[in-house]
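Here are my notes on this entry, set out as numbered points. Please read them with the structure open beside you.

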Amino acid sequence: MPAGQQNIETIGQDLRISLLPLFILALPLLEIAGFVVVGRQVGALATVGLVLASSVAGALLLRYQGFGVMTRVRAEMDAGRDPSRQLAHGAMVVLAAILLIIPGFITDIFGILLLLPPVRDLAWRRLKGRIVMATSFGTGGFRARPRDKTIDLDDSDYSRGDEHGPDHNSPWRRLKDE
């Protein structure tokens, strides 16, 4: 890659990073402008109703999707597959729910877009190369946990071993005097 093109890409990355704080600062003003535009079209009461409805929908989505994400991740891991896509999709659904909870129509639009699976797939393809997964899995990748190590005992097979009282010679019983 020529040095000039590398400098252009670096400048582009710096520009994206420097525009993020500007966007975060401008977002409340854009949301207020959105309230004004929608309020003129549908009325003040309907605008407030839409904002409340999107917040309730976001809260419900956040509550119910959290459990579903963990179930899908566990299923991927049990099947021996990489759960990173399911984790990313779950994180994006949670982000969508949070964006719906935040009052405003612009955040609602981004939240609704993140609820669409093709948009999440596109975002995952763009972000996948930037995310580093640190796992404790072996070099063989993801493996299902073995399920055949269950020890089944009857009442007659198990005893606490303290029918004669506690063992006073046990190292757990020795306390150092301070």
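1. The core comes first. The largest nonpolar core has six residues in all: Ala 88, Met 92, Ala 96, Leu 99, Leu 114 and Trp 124. Helix α3 gives the most to this core, with four residues. Keep in mind that this is a predicted model.

2. Now the overall layout. The chain holds five helices and zero strands. Read from the N terminus, the order of elements is α-α-α-α-α. Of the 178 residues in the chain, 19% are buried. Among contacts with a separation of 6 or more, 61% join residues 24 or more positions apart.

3. Take α3 against α5 next. Helix α3 covers residues 84-101 and helix α5 covers residues 117-127. Their axes lie 10 Å apart, and the packing angle is about 120°. That angle makes α3 oblique to α5. The crossing of these two helices is right-handed.

4. Which residues make the contact of α3 and α5? From α3 come Ser 84, Arg 85, Ala 88, His 89, Met 92 and Val 93. From α5 come Pro 117, Arg 120, Asp 121, Ala 123 and Trp 124. By class, the residues of this contact are six nonpolar, two polar and three charged.

5. Met 92 deserves a look of its own. It is a member of the largest nonpolar core. Setting aside neighbours within four places in sequence, Met 92 is in contact with Leu 114, Arg 120, Ala 123 and Trp 124. Of these partners, Leu 114 and Trp 124 also belong to that core. Met 92 also takes part in the meeting of α3 with α4.

6. On to α3 and α4. Helix α4 spans residues 105-115. It packs with α3 at an angle of about 155°, the axes being 8 Å apart. The two helices are therefore roughly antiparallel to each other. The crossing in this case is left-handed.

7. The α3 side of that contact consists of Met 92, Val 93, Leu 95, Ala 96, Leu 99 and Leu 100. The α4 side consists of Thr 107, Asp 108, Phe 110, Gly 111, Ile 112, Leu 114 and Leu 115. Ten of the contact residues are nonpolar, two are polar and one is charged.

8. The remaining pair in these notes is α2 and α3. Helix α2 runs over residues 44-78. Its axis and that of α3 come within 8 Å and cross at roughly 170°. This makes α2 roughly antiparallel to α3.

9. On the α2 side, the contact residues are Ser 54, Ser 55, Gly 58, Ala 59, Leu 61, Leu 62, Gln 65, Val 69, Arg 72, Val 73 and Glu 76. They meet Gln 86, Leu 87, Gly 90, Val 93, Val 94, Ala 97, Leu 100 and Ile 101 of α3. The division here is eleven nonpolar, six polar and two charged.

10. Is Gln 86 buried or exposed? This residue sits in α3. Its relative accessibility is 17%, under the 20% cut-off, so Gln 86 counts as buried. Beyond neighbours within four places in sequence, Gln 86 is in contact with Val 69, Arg 72, Val 73 and Glu 76. These partners are on the α2 side of the contact with α3. The C-alpha atoms of Gln 86 and Ala 75 are 9.9 Å apart, with their positions eleven residues apart along the chain.

How values were computed:
Residues are numbered from 1 along each chain as its sequence is written. This is a predicted model: local features need pLDDT of at least 70, side-chain atom pairs count only at pLDDT 80 or more; totals for chains, interfaces and linings use all residues. Side-chain values use heavy atoms; hydrogens and water are left out. Axes are lines fitted to C-alpha atoms, for helices over the stretch in contact, and angles run from 0 to 180 degrees between N-to-C directions. Angles under 35 degrees count as roughly parallel, over 145 as roughly antiparallel, 65 to 115 as roughly perpendicular and the rest as oblique. A crossing is left-handed if the near helix is turned anticlockwise from the far one by less than a right angle, and right-handed if clockwise. Contact means heavy atoms within 4.5 Å. Ala, Val, Leu, Ile, Met, Phe, Trp, Tyr, Cys and Pro count as nonpolar, Asp, Glu, Lys and Arg as charged, and the others, Gly among them, as polar. A nonpolar core is a set of buried Ala, Val, Leu, Ile, Met, Phe, Trp, Tyr and Cys residues joined through side-chain atoms within 4.5 Å. Buried means under 20% relative accessible area, exposed over 50%, partly exposed in between (1.4 Å probe, protein chains only).
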